[in-house]
Structure formats: structure tokens, C-alpha cells
Amino acid sequence: MTVLQSLILGLVEGLTEYLPVSSTGHLIITQHLLGIGKSSAMDAFEICVQGGAILAVLGLYRRRVTEMLQGLLGHNPAGLMLLINMVVGFLPAAVIGLLCASLIKHYLFNATTVCITWAVGGLVILLWVRSRKQSGKGFDGTPLEELSWKGALGIGFMQCIAMIPGTSRSLMTMLGGLCVGLSVPAAVEFSFLLGLITLGAATAHDALKHGSEMLTEIGWAPLLAGTLMAWASAVVAVKWMVGYLNRHSLAIFGWYRLAAAVVMLGFIFCGLEVSADDDKDTDTPAAVEQADK
């Protein structure tokens, strides 16, 4: 993989990680369009480049992060409660992820799945927006400080649905927050903060498990370039989304997902298919060496 390709992947990751459009789905398609073969090293790169997006949220929400650290030290009860809620919200994904991750990656990481989940997610968003308008709720709801641990657990189980590529972790956690009574700004903020633990754990796991293989096959330069691009583009995306949702609904993301599904359907009809079987056909150095053996 070249530095230019890593910059493109980092840009896609940063722009889509915290938007309810599925970064995984976009990365699967982008990687295929760039002609980059599948391998465990590339899978690790797709996860580890999330580090840039994590740093973006750490910087933008440093006040909340500071409050949680103060709570951990016994100086901020509200910060401690928020930290507890984040850990509770993370637990379902930690357990289910360990049990089902390999099966999901093997059977569901393909263009067809992404197409279906983009469309279903788009319809869910549009139906949700319509129901909110009809009920007159709009942006109403409780602030983040009033979220209970039971509500956080419910959001955590919603996050597990996003293990299916194309679903979107951000979408599921935002809808989960709205379902337990949070206001739109509070649901968005908790979604971003919960991502710090969820994405951070996934990044650390893959870095430890496949880090040496990733660096051997891909190298430091592409990894660093992709991470920095993910950080810069995530800063822009998060700032834009927070400002946009303070004035508008989630409907734009529903229409975008439906449009993306239509485009993806066109690719599928033209013969595009991305699946775990692509590991056998990759032209990466690791695959070539394995074939030589």
C-alpha cells in the first residue's frame, strides 16, 4: 500500500467514523476500489488508523475527559458517573465482540451486506425522524448528566448491532441514546465518548495482535500518514456534525445511506464483491510469500 492510498483511507475513516453512515462499510468499498487486497495486516491497518479519529475526539471533548479523570480521583462525582456509564456501555460489545468477531468478519464483511445495512439504516433514520416530528419531540430529552447505568447498558447493546458492517456504530449508539430518553445533543455526545473506549480497545487489540505483521507489510510511513489524515478529517467531521444537528435532524444521513446503497447495488450488478474470500486472491507481499511457500 502506498502513502497516497493510506491518505485516502485515512480521509474516509476520519470523515465517516463518527457520522451515522458506517466507516467500516466505506473502508471496505474504498479499499476494493483502490485495488488493495485483503490480508490480516490490512484488516489491522483499517482498525489502527482509527487512532487518529480517537485523538480527534479526545481533543474536542477534553473537558469531559478531564471531568472523568477527576471523577476517577474522587474529585468529580458527575465525571465518575459518566465514566461508569461509558464502561457499562462498552461491556456488551466487549463480550459479544470476543465471541462473534471472527464469524462476523468471515461471513458478513462483503459488499452485499454493506448495501443491505446502508439501506435498512437509512430507512430507520427517516422513519425515526418522521416519528419524532409527529410526536413533536424534536431535540427534547434529558441531558447527559441524567443518563442512568441501565440506559448506558441499553445503548451498549444497541452498539453491538453495529458489528454488522454498514450498520454504523455511531447510528446505533445515537438511536440508543434517543431511545433511553437523551436529547439529540446528549445522545450524540455520549456516542462520541463511548467510541473512545470501544474504538480504543479495538485499536489496541489489533495493534498488539497484528502490529508487527502490519508494519512489515505496510510500513511506518503509510500508517502514520493515514492516522494523521484520519485525525484531521475527524476533527472537521465532528465539528460539522455537532453544529449541523443543533439545527437539523438526522434525515440527511438517511437519504445519504439510501443513495449509497443504490450506488453499491450498481457496483454489485457490475460484478463487484468484497468478502473474506478476497484474502485468497490478494496481491500483497505477505500473500505472495505465502503462495511461494
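## Burial and what the model is

A residue counts as buried here when its relative accessible area is under 20%, as exposed when over 50%, and as partly exposed in between, using a 1.4 Å probe and protein chains only. By that yardstick, 51% of the 293 residues of the protein are buried.

Keep in mind that this is a predicted model, where local features need pLDDT of at least 70 and side-chain atom pairs count only at pLDDT 80 or more, while totals for chains, interfaces and linings use all residues. Residues are numbered from 1 along each chain as its sequence is written, and side-chain values use heavy atoms, with hydrogens and water left out.

## Overall fold

The protein has 13 helices and zero strands. Those are DSSP runs numbered from the N terminus: H or I of at least four residues for helices, E of at least two for strands.

The C-alpha atoms fit in a box of roughly 60 × 45 × 35 Å along the principal axes. The radius of gyration is 19 Å, which agrees with the value near 19 Å for a compact globule of 293 residues. That figure is taken over C-alpha atoms, and the globule rule is 2.2 Å times the number of residues to the power 0.38.

Now for contacts, meaning heavy atoms within 4.5 Å. Of those with a separation of 6 or more, 83% join residues 24 or more positions apart.

## Surface and charge

About 13800 Å² of the protein is exposed, and carbon and sulfur atoms supply 69% of that area. The areas come from the Shrake-Rupley method with a 1.4 Å probe; for residues, only the protein chains shown count as cover.

On the charge side, there are 17 positive and 20 negative charges, and their mean positions sit 13 Å apart. Lys and Arg are the positives, Asp and Glu the negatives, with His and the chain ends not counted. Each charge is placed at NZ of Lys, CZ of Arg, CG of Asp or CD of Glu.

## A look at L182

L182 sits in the loop between α9 (169-179) and α10 (184-217). Despite that loop position, L182 is buried, at a relative accessible area of 1%. Beyond its neighbours within four places in sequence, L182 touches several residues, including D140, P143, L147, I155 and A187. M163 is 19 residues away along the chain from L182, and their C-alpha atoms are 23 Å apart.

## A look at Q5

Q5 belongs to helix α1 (residues 3-16) and counts as buried at 18% relative accessibility. Leaving out neighbours within four places in sequence, Q5 is in contact with L34 and I36.
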